[in-house]
Amino acid sequence: MKIKITGIGSYIPEKKISNTDFSEHVFLNEDGTAFGYPNQVVINKFKGITGIEHRRYAEDHLNSSDLAFFASQKAIENAGIDPETIDYIIFAHNFGDVKYGTIQSDMLPSLATRVKNKLQIKNPKCVAYDILFGCPGWIEGVLQANAFIKSGMAKRCLVIGSETLSRVVDLHDRDSMIYSDGAGAAIIEASDDETGMLSYESGTYANDEANYLFFGKSYNPDLDADTRYIKMYGRKIYEFALNTVPAAMKSCLDKSGIGIDEVKKILIHQANEKMDEAIIQRFYKLHDRPVPQDIMPMSIHELGNSSVATVPTLFDLLIRGEIENQSIQKGDVLLFASVGAGMNVNAFVYRY
């Protein structure tokens, strides 16, 4: 028995933020000093590395759990199921609901419980809980759904990834331009045919890597030092990703028994275009193969990095034919992979 995604949905906020919107920001170095060059230089370098031209921010009146609800509705409709038959709601996020204009994270009740409430699911045996696993959270939720279904604890799960990173960024940190908001959700069920998950890989590296992503104070020394924002050591994350993700992807593929030439698409967390390209290059180098053309669909150029939402959103867009020059067919083998705070790495091979 395998598990497969029988319904998929995403919510992409309407508020579109362009790189030019950062032209008047006061970007500072970590020590609070000003850059010695204009913002346009910062923006041009940023686009060259990340590939990001636009990103989406949630509307002011919406929270992460709202975005998740919208994506979940679409996934349920796409699957054509009765939501009362869902056994588990697994909600991956990092910062909870952060209301616009505030700095406090709200996770009581859990965001999964909030989504269950919004979906008006009455069944008390539908268990709702959150997971904190960094950007790989949605994939990890799929792996947990796999375990629940294979063990007989569940027949159907709703796995969500949703985040509003725009509300936890330091506007004086140029890395703030990377982050965006969004949500993706999937219905996971057992599969008795040849489709579904074929293998998986997951791991946490928590020695020196544990603090590559963290909460830290603003680069503006005039702001409250007790207020914390998402921070990262970008170079260390880049090196970590290149050293661990390709090997994890290879291990996952080896477990599946599928040959590298059978992989049609690789859906990787939309963190940074150059980093993702380097991961794919190294992955194929491990197999002594050139990188096939169009193997890696990308949404980061227009949507930015929405953390746990990037992979399910990318899958949804790919299925709906909304990524230029990209498509998949029934029977295609896909490789999903992600890396993020923890530092966590995971992947799974999937026959569509």
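**Exercise 1. In this predicted model, find the bridge partner of Leu267 in β12, then place the two strands in their sheet.**

Solution.
Step 1. Leu267 has Phe336 of β12 as its bridge partner.
Step 2. Strand β12 covers residues 333-340 and is joined to β11 by 5 bridges. The two strands run parallel.
Step 3. β11 and β12 belong to an open sheet of 4 strands, ordered β8-β13-β12-β11, with mixed pairing.
Step 4. The edges of the sheet are held by β8 (196-204) and β11 (263-268). Each of these has a single partner strand, so one side of each lacks a neighbour in the sheet.
Step 5. On average, and ignoring direction, neighbouring strands of this sheet are turned by 15° against each other.

**Exercise 2. Determine which strands of the sheet are touched by helix α4, and which ones helix α5 lies across.**

Solution.
Step 1. Helix α4, residues 137-151, packs on the sheet and touches β8, β12 and β13 (344-351).
Step 2. The direction of α4 makes about 120° with that of β8.
Step 3. Helix α5, residues 234-256, lies across β8, β11, β12 and β13.
Step 4. Relative to β8, α5 runs at about 145°.

**Exercise 3. List the buried residues of helix α3 and name elements that cover them.**

Solution.
Step 1. Helix α3 spans residues 111-118.
Step 2. Taking buried as under 20% relative accessible area, the buried residues in α3 are Leu111, Ala112, Arg114, Val115 and Lys116.
Step 3. Among the elements covering the buried residues of α3 are the helix α2 (64-79) and the strands β4 (88-93), β5 (127-132) and β6 (156-164).
Step 4. Just after α3, the backbone at Gln120 takes a positive phi of about 60°.

**Exercise 4. Count the cavities of 30 Å³ or more and describe the lining of the largest cavity by class.**

Solution.
Step 1. Rolling a probe the size of a water molecule over the atoms shows where empty space is left.
Step 2. The structure holds 1 cavity of 30 Å³ or more. The volume of the largest cavity is about 100 Å³.
Step 3. Its lining consists of 16 residues. Nearest the centre of the largest cavity lie Asp181, Gly182, Leu303, Ser306 and Thr313.
Step 4. At least two lining residues come from each of β7 (181-191) and α8 (310-319). β7 gives the most to this lining, with 3 residues.
Step 5. By class, the lining of the largest cavity divides into 6 nonpolar, 8 polar and 2 charged residues.

Technical notes. Residues numbered from 1 in each chain as written. Predicted model: local features only at pLDDT ≥ 70, side-chain atom pairs only at ≥ 80, totals over all residues. Heavy atoms only, no water. Buried < 20%, exposed > 50% of the residue type's maximum accessible area, 1.4 Å probe, protein only. Contact = heavy atoms within 4.5 Å. 1 Å grid on protein atoms, 1.4 Å probe; cavity = no way out; pocket = protein on both sides within 12 Å on 5 of 7 lines; lining within 4 Å. Points joined across faces, edges and corners; volume = space filled by probe spheres on them. Nonpolar A, V, L, I, M, F, W, Y, C, P; charged D, E, K, R; others polar. Pairing = 2+ DSSP bridges. Axes fitted to C-alpha atoms, helices over the stretch in contact; angles between N-to-C directions.
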